[in-house]
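Here are my notes on this model, set out as numbered points. Please read them with the structure open beside you.

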Amino acid sequence: MKKLFLSVFASVTALSAMAGGHDAWWKTAGQPYKGVTLQGVTENTPPGQFVSEVLAKDFEELTGIKVRLETTSWDQMYDKAIKDMEANTGIYDFVYIEQDIIYSYLDRDFLVNISDGLAANPKIKAPNVDFADFTTFINYFKNGEGDVFGVPMEAFIKVYLYRKDLFENAEAKAAFRAQYGYGLEPAKTFGQYRDNAEFFTKFCAEQDMECWGTTVQGHTGHPASTYEVLETIFPSFGVYNWGINMDNYQASVENGGQLNGGRAKAALRFWTGLLDFAPPEALQSTWSEVGASFAAGRAAQGWVYGENAAWIATDAERSRVVGKVGVSLPPTAEGVMMQAASGNGYIGYFDGGAFGIPHSSKNKEATMLWLQYLGQNEVQADWAIAGGRITHKATYSDPKVVEVDAKSDAYFTLMRDTGYLFAGAPPYPFHGAGRAAIDPFIFKALAGELTPEEALDQAAAAVDELMKELGYAK
Amino acid sequence: MVGSKRIPWYLLSPTIIILLIVGLLPFIYVFIVSFYNWNPLGKSDEMTYIAGDNFRKLVFDDDFLLCVWRSIKYAFTTLFFEFVLGFLLALSLRKSFPFRPFFRIIHTLPLVVAPIVVGAIFKLFTVSGFGPLPHFLKEWFGYKFNYGRDAEQAFWLIVGVDIWHWTPFVTLTLLAGLSALPKDPYESAKIDGANPIQIFFHITLPMMVPVLLVVVFIRLMDSLKAVDEIWMLTSGGPGVETRLAGIHIWRSVFESRFYGYGSAMSIFLLYITIVICWFLYVIMTSKQNQFHDK
Amino acid sequence: MINNLIKLLKFIIWSLLSIITIIPIYWMILVSTRSPVELFGKPDFSPTFFEKIYWKNFIKPFVDGVYSEYLWNSIIVASCNAILVTALAIMATYALSRWKLAASENIFFWTMTNRMAPPAAFLLPLFLLFSLVFRYDDINLFDTKIGLILLYCVFNLPFAIWLLKGIFDGIPKDLDEAVLMDGGGYFTIITRIIIPQAAPGIAIAALLSWIFAWNEYLLAATLTSVYARTIPTGLAEFVTTTGTNWGSMAAVGFVSMLPALVFISLVQKHIVAGLTFGAVKG
C-alpha cells in the first residue's frame, strides 16, 4: 500500500504539472454540471480502488463534479448493474462492463452510444482524449459501426507463470534431463507442461519443500474452474468459443459443435489429470486461491490472471516469491499458435472491463466528461502501476511503467507484443446461463464423479437443451 | 374480554401495514412472475405468459428436486443436533453454577459473528494446504481432510458450521420459554412425589410446546433456504453435493437469469416449508393436548 | 452433595463447550493480526499477537476506508429495528393474546411465511419497490437506512410475535381486569404488568431481532450502495477476484463483534432478572 500512497502523491503532482495546460478546458467543460453527483458501481479490485481513491478525487477538484463509486463483489456488481438497467431505475450513471458481458448489454440496448453523444455535444468532447489511443481492447466495446459504448478501464492477459528459481536450479535441471531425456524449460507444449508438473511434484517432495508441479483453478463448486477450462485450456488446445457452433448454436458433435469432440475431451482429461501434481487446495481454489498458492511458493508453474501476476512478482507483503517469477506465453497444442497468429483462433484469455453509461442515467453529459477523464493518456501510468493494467498504447513506453515491467519479468512487454494472440469471451448474450449450464459437469469431473469424456458429453447435451430453451437454436 | 373492539386493531395496525407493504407486495410479484417465462438472456427478453408450465416443469426437474431433498436432509440434521444440544444447555442454565454468566456470554458469541465471516473463518480454518484443521487431522490422526473431493466431509462440515453458529439461538430462545413457566404445576408435582424425569416429560415439555414450535420453525425455515455460509465454504461442491435448494435458486436467478422459473422454484420451496411446518405443528400440538387431557 | 456434583459436571461441560466455541473466534483474531504472507505455511496457533500485530489490517478499513461508517450504519439499523420491532410486537401480541380476533390465526400464520421464502427471487421486486414504487421526486428508499429498518421488520416481527405470544398467554388475564377496574388504561396494563412479567422473553426477542438485523447480508447488499452500507455487505467486498483479503476481513469481523457484545451484555441483565423461577404468578 506504500505503492498506492506513492502513486497518489505522484499522480497529484504529475497531474497538476502536466495537465496544467488542459486544466482550463476541464474546468470550463465541467462548469454547467458543477455540484452534480455521479453514481457508479464496479468491482473491488486495485484498478477500481485507484479510480475511487485517486482519480475521482482529482476529477472533483478540477470540475466540481462529485463521483461516488460503489465497489463491491463480482456477482453483486453484475446483479445490481443489470437490475438498474432492466428496470430503468436510474440509480447508476456509470457501470462496470466486464468484457464477457458487453455482448449481452449491447444486445439488450442498455448502454448509451458514447461516440454519438460526444459528436452531438462538442462542448464536452475533450481535446486530449482520442479513442484511437486505446489498445485494440476497446474494439470489444464497439458496435458494428465502430461506435464506442464502453471506455476501457482495465485489461490483462492470462499468462503462464513459472518459478525462475526452480527452473534454473542446477540439481533440478540435471535430474530432469536424466529422467526425461530433454532440457528443463518453461512449458511450450502440453507434454512439457505435464512432465514439468510431474517432475517438480517429486522434486519438491524429495527436497522436503512445500511445493507442487502446478496450480489448478479447480474449485469443485465455483464457476472459476469452468472459466479456466473455457477461457484458457480449451483455446490452447484449439477448441474455440466454448465449442459452440456459432451458426446453429449447438455444442454437441452430433449437431455441429465441438464441446464433446476429441480435442475438448483431450483438453479436459489433461487438465483434470494435473490434479495429481497440484497442491491439495486446488480443489477449493478459485482465481484468488490460485494467486495465493503461487504467491506462497506452492507451485512451480501455472496459469494466472495478469492482474495477479503483477503483485505476485513485486509485492513483498503479500508474496513469498518476489523476484523469482517468470512470465511467458501459455503452452499450446500443435498448430494453435499459427491459427491464432493468422487471426483464426486464439491461445488464451484477454481479460478486462470498461465503464459504460446506462440509458437511464440522469447525468449523461457529466458522465461522458468523467469517462473521458479516465481515458486520458496522462492518468494511465500511475493507474497501470497501481493496478497492473494497461489500456492505452502509449502507456507501455512510459518510464515508470518500464521500471515496473522490469521487475515483473516483462509482463507488460509480453502483453504489448503478444496481446493480439489472445481474445476475450465469445460474443454470447447468454454468457451467464451458458456457463452455468456447463458448471455442474466440470465440477463432477474434478471431483471424480464423472470421467472427463462423460462430463463433456453431458455438458454438450445440456448446452444444446439450453440453447433451444432460450430460443437461439431451433 | 371487555373493552372496545377497536383497540386491538389499533394495536395491530402498524404491524399489519408494514408487513402488507414491504412483505406482501414483493410476494405477489414473485407469485405472478412464476406464471411467466422470463429470461433476459434469451433471444427474446420479454415475459411470456405460460400459465402453470413452470410448475409442471418443476415436478420433472431432477436436479432441483435433488437439491430440495438435500436441503431437507441438511435442515433436519442440523435441527436435530441443535435442538437436543440447545435444550440440554438451556436446562442446565436454569440453576446457578460457577461462572455461569461468563459461559452464557461466550455461548452467545457465534451469533454475533456475521455469516459471511463465519463462512470465511471456517474456510480459512478448513481449506487444505493452509488451514489448521486438515493439517492437524493429518498429523495427529492421519486423516485426509479435503472437502473439495469428499462429499461426506463437505456435508458434515456445513452441518458442523451451522451447529456452531446457531445452537446459541436455540439455547437462548428455550431459556426465554423456560423462564416464563408458571411455578404451580411444579409445586403440585413435587407434593405428589414425582421424580425429575416424570416432571420433565409430563410438565415441562408440554408447557414448552409453543416456544419449541417457534424454535423449530425458525431454524427449519432458515436452514431450508440457507445460502451465505455454504456459498463461502463449498459454493455447492464438490460437484453438486452440497448444492442446497437455496443455492440452486440463487444461481438460477443470478447467474442464469431464469426469473420466471426461479420464482416458481421459490414458491415451491415455500410451499414445501409450509407443509413441513404444518406437519410438525400438528404433531407437536397434539402432544400438548395430551397434557391438557390428563 | 449431589447438587455440588451436578454443578461440577456443568462446569466441566461448559468449559469444554466454550473452548470449542472460542477456537474459531480465536483463529479469526490471529488472522486479523497477521500479514498476508504470514498466513501461508504451517498453521501457527500461538498467540503471536503479543509480539507483533499487523496493524494495517485494522487501519486501512477503519481509518483510511469507510468501514467506520459501515459500522455506524449497522449499529443504527440494528438498534432502530430492534426497538421498532419490540414496540410493535408487544402491541400486536397483546392484541392477539387478549382478544379473539376474526382473522388472527391466519394473519399469524401468514406473517411467518415471509421468513420462509428463499430470498433470491424476492430481490428484484424489493429492488423495484424501493427504487420505483416508494419514490417521491428524486427521493426513494434505495440506499437508505430507513429502508432496511422497515424491511427487516418483515422478518423480525413475526418471530417476535410468535415468541411473545406463548409468554403473554401465560400471564393471567385477571391482572389486566384488576387494572381496568381500578380505572387504569391499556397503556398501564402493558407497562406495569405485561412488560415486567415477560421481561426475559422480551429481552430475548429484542436481542435476536437485533442480531438478525446486524448480520443480514443479501438484502442489504442489494438494496444499499454507498450511504447505507452495513458491515456484512462491507465484509463481502474483501472477497475479490484478485484474492481474498483475509487479514482485513478478520479485522473488520472482529471489530464488528464488539458493539454486538456490548449490546448482549446490556440485555443479559434482563434475561437474568427473570430467570429466578416463579417470576410469573402473583
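1. I start with the lining of the second largest cavity. Its residues divide into twelve nonpolar, ten polar and four charged. In all, 26 residues line this cavity. Those nearest its centre are A:Asp75, A:His222, B:Trp231, B:Met232 and C:Val239. About 500 Å³ of space lies inside. Keep in mind throughout that this is a predicted model.

2. Which elements build that lining? At least two residues each come from α4 (74-87) and α12 (287-295) of chain A. The same holds for α5 (115-126) and α10 of chain B, and for β3 of chain C.

3. Now the other cavities. The count comes to 13 cavities of 30 Å³ or more. The largest has a volume of about 730 Å³. Its lining takes 37 residues. Closest to the centre are B:Asp222, B:Lys225, B:Asp228, C:Phe212 and C:Glu216.

4. The elements around the largest cavity belong to chains B and C. Chain B gives two or more residues from each of α1 (6-33), α7 (151-179), α9 (196-224) and α10 (228-233). Chain C does so from α4 (104-116), α6 (145-169), α9 (199-215) and α10. By class, the lining of the largest cavity holds 25 nonpolar, four polar and eight charged residues.

5. One pocket also deserves a look. The second largest pocket holds about 1,200 Å³ of space. It is lined by 27 residues, and B:Leu91, B:Arg94, B:Lys95, B:Pro196 and C:Lys10 lie nearest its centre. Elements that give two or more residues are α3 (62-92), α8 (184-192) and α9 of chain B, together with α1 (2-32) of chain C. The largest share, seven residues, comes from α1(C). The lining has 15 nonpolar, five polar and seven charged residues.

6. Next, the interface of chain B and chain C. The contact takes 98 residues from chain B and 99 residues from chain C. The buried area is about 9,300 Å². Carbon and sulfur atoms give 82% of that area.

7. How many salt bridges cross between chain B and chain C? The rule finds zero. Polar contacts do occur there, in four residue pairs, with both residues at pLDDT 80 or more. On the side of chain B that touches chain C, α1(B) gives the most, with 20 residues. By class, that side of chain B has 71 nonpolar, 16 polar and eleven charged residues.

8. Turn to chain C against chain A. Here 36 residues of chain C meet 37 residues of chain A. The two chains bury about 3,000 Å² between them, with 55% of it on carbon and sulfur atoms. Which residues of chain C lose the most area to chain A? They are C:Phe40, C:Thr241 and C:Thr242. Together these account for 24% of what the chain C side buries.

9. Polar pairing between chain C and chain A comes next. Nine residue pairs are in polar contact, both residues being at pLDDT 80 or more. The elements of chain C that give two or more residues to this side are α2 (56-64), α5 (123-133), α10 (218-223), β3 (239-240) and β4 (243-244). Of these, α5(C) gives the most, with six residues. The side of chain C that touches chain A has 19 nonpolar, ten polar and seven charged residues.

10. Last, the salt bridges. Side chains of opposite charge can pair when their charged atoms come close. Over all chains the count comes to 32 salt bridges. Between chain C and chain A the count is three. One joins C:Arg229 to A:Glu70, with the closest N and O atoms 3.2 Å apart.

11. A salt bridge also links the side chains of A:Arg68 and C:Asp143, at 3.9 Å from N to O. This pair crosses between chains. A:Arg68 sits in strand β2 (residues 66-72) of chain A. C:Asp143 sits in the loop between β2 (139-140) and α6 of chain C.

Note on methods. Residues are numbered from 1 along each chain as its sequence is written. Chains are lettered from A and ligands numbered from 1 in the order in which they are written. This is a predicted model: local features need pLDDT of at least 70, side-chain atom pairs count only at pLDDT 80 or more; totals for chains, interfaces and linings use all residues. Side-chain values use heavy atoms; hydrogens and water are left out. Contact means heavy atoms within 4.5 Å. Buried area is the accessible area (1.4 Å probe) that two parts lose on being put together, summed over both. A salt bridge is a side-chain nitrogen of Lys or Arg within 4 Å of a carboxyl oxygen of Asp or Glu. A polar contact is a pair of N or O atoms within 3.5 Å; within protein, one must be able to donate a hydrogen and the other to accept it, and residues adjacent in sequence count only if both atoms are side-chain atoms. Helices (H or I, at least four residues) and strands (E, at least two) are DSSP runs, numbered from the N terminus. Ala, Val, Leu, Ile, Met, Phe, Trp, Tyr, Cys and Pro count as nonpolar, Asp, Glu, Lys and Arg as charged, and the others, Gly among them, as polar. On a 1 Å grid over the protein atoms alone, a cavity is a set of points where a 1.4 Å probe fits but cannot get out, and a pocket is an open set with protein on both sides within 12 Å along at least five of seven lines; lining residues have an atom within 4 Å of a point. Grid points are joined across faces, edges and corners, and a volume is the space filled by probe spheres set on the points.
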